[in-house]
Amino acid sequence: MAAAEENTSLFLIFILTMIALPLVPYTIMRLCRAASEKARTIHCRCLGCHRSGKYRKSIYKRISNFSTCSNLTIILLWIVMIFLVYYIKHASREVQVFEPFSILGLEPGASESEIKKSYRRLSIQYHPDKNPDPEAHKFFVEYISKAYQALTDPVSRENYEKYGHPDGRQGLQMGIALPKFLLNIDGASGGIMLLGIVGFCILLPLMIAVIYLSRSSKYTGNYVMHQTLSTYYYFMKPSLAPSKVMDVFIKAAEYMEMPVRRSDDEPLQKLFVAVRSELNLDLKNIKTEQAKFWKQHPSLVKMELLIQAHLTRESFVLTPALLKDYRHMLELAPRLLEELVKIAVLPRNPHGFGWLRPATGVIELSQNIIQAVPLSARKASGGNSEGIAPFLQLPYFTEATVKKIARKKIRAFQELCDMSVEDRAALLTQVAGLSEDQARDVDLVLEMIPSIEVDIKCETEGEEGIQEGDVVTMYAWVSLHRRNGLIAALPHCPNFPFHKEENFWLLLADAASNDVWLSQKVSFMDEATAITAASKAIQETQEALGASAKEIGIAVREAVDKVKKGSRLVMGKFQAPAEGTHNLTSFCLCDSWIGCDTKTSFKLKVLKRSRAGTRGHVPEEGLVAAAEDGIEEEEEEEEEEYDDYESEYSDDEEDEKKKGKGKGKVPNGAAHQEADSDIDSGSDE
């Protein structure tokens, strides 16, 4: 009996150990991660964002955020562990050590007369002739009789005092960590044990491996399907217009797999009528265009209509089933757009450059989706080249509101941002017709909009000047400022129902040839990671230049101070092109805000490689000539005409000449750009 109880306890200890080994470290890791995450109150505080419910810390919201599958599984396993500990402790208490004095109810060292007296008393109570209970008979034989024998028989007492048992030395007993019913290897028990071994040791690991391999072969590390990347790669073209990016974006495999129900036909027909003006249909042949639109794949039709419903803020007309698909579509959109940007800047041509035009178009589409602004709002109108899209991201702003403030000569978004608080409040309340609370919400959003400065430099490490074929290193400090003093913040996007962080894309490109030389995503959310990356990069660069330990320490401290003040270091390498002066532009584009993007132009002077392979010094005359050459006319590149809006980043040479007057471009990539909204003028200070 004791052996069976001991085996059962060992089995439970084995199960407890197998649960505790992965659960304890995983729980500690989750708690440490939760403790390291700062409580963020960096979201927009306007009434629209508050009503969206994304940041509301209600009890239901907290429970729903906590009640994930992983959290519930952890809690369940801890409950099982606590129960096992309690049961094992209780079971081990029942298995008592053989103590003859305590069995007879005597104190150690009792006399022989006391032992006999106690034995007679217990015999009357438990003897089979006096008590017919089987448990009493078992207790009398196994405990009372052995205890009396151990204390009265000289040999048994000697064995007890010497070995702790009246029968003398006991053999070594080993328990098996299996339940009692599995120890009887006969009949059904043997089959159950065999099935358990096969299932737990063979089938379960095989099933886990198959599920993991099937999922990993279908998805990338960013949880985007491989089929989606293949589709994006196939349809990506160098001259892809911004409005045509939508046609590529909706072809994602995740969207194509979404169900198309017959019950969706009528709601989609009504939605088509509501968003028809945004579909770029030829009004002269409207019937033919409509028939052509509905002949597309049903999934494509559904996705485009759902996206247009979001951009035009018509989602309230959707049925519950379509609303569920609509939310799923928006949940997948940020990661799909990020992968689409990566596909656009993927090196393709013989020189290893990506494409600028589709990359900027994808980022523009991302801005419009996050802010729920129609693509048609980017069209130039009323002498305003930037369109009304930046205004529509502000709360309570409509097309009518923009027309009202335009009467007061406020046509550019930057003009509204540059106004004083008092003047802007007067404009919004007296001209635009907003209340004081609504005007205050507009100010809160304007304070959240980031202002970007880029300080960029290109050089060859350890050399003076750049020769063709050299490995050129780009150093760019991207600095972010807000009027409210925050660095890391979540964008104002009350119509986007999910958590979205700001991301910026830094593109070093040749706008004339549509080539992207370098690209990198920049985030201001994680300061600790940025400090580590900047410190390591600066240290490696200084060590390569042969700097002393003191100089390295000073450089690292300066980099850390910059990061803490809201700057991020971006580094990249590229091979110097052929000899000549190359007109480059650096774009810093936000994927969430409309109107805070910046760009700056500079010249990269590349020298001819010397015959002997020695490095030539850049003469000062060359630098002066390069600076004077900043206003030279560039050959106009023929642009394909589209019947939709033009990207604000498409290179118009006449605009470039207007911007270039009165300012020279800096040679060899040394340029500093003040934060200047490209929506306003697109120029550099």
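**View 1. The whole chain, with contacts that reach far along the sequence.** Among contacts (heavy atoms within 4.5 Å) with a separation of 6 or more, 70% join residues 24 or more positions apart. This is a predicted model, in which local features need pLDDT of at least 70, side-chain atom pairs count only at pLDDT 80 or more, and totals for chains, interfaces and linings use all residues. Residues are numbered from 1 along each chain as its sequence is written, and side-chain values use heavy atoms, leaving out hydrogens and water. Of the 685 residues, 43% are buried (under 20% relative accessible area, 1.4 Å probe, protein chains only).

**View 2. The largest nonpolar core.** A core here is a set of buried Ala, Val, Leu, Ile, Met, Phe, Trp, Tyr and Cys residues joined through side-chain atoms within 4.5 Å. This one has 63 residues, and F397, M474, F504, L506, L508 and F574 touch the most other members. Leaving aside residues up to four places away in sequence, F574 touches C458, D470, V471, V472, M474, L508, W517, L518 and L604. Apart from this core lies another, of 61 residues, including A309 and L507.

**View 3. An open sheet of 5 strands.** Strands (DSSP E runs of at least two residues, numbered from the N terminus) come in the order 1-5-4-7-8, with antiparallel pairing (at least two DSSP bridges per pair). Strand 1 (354-355) and strand 8 (598-606) each have a single partner strand, so one side of each lacks a neighbour in the sheet.

**View 4. Strands 4 and 5 up close.** Strand 4 (residues 504-510) and strand 5 (residues 515-522) run antiparallel, joined by 7 bridges. Look for W505, which stands opposite K521 in strand 5.

Definitions and conventions
Buried means under 20% relative accessible area, exposed over 50%, partly exposed in between (1.4 Å probe, protein chains only). Helices (H or I, at least four residues) and strands (E, at least two) are DSSP runs, numbered from the N terminus.
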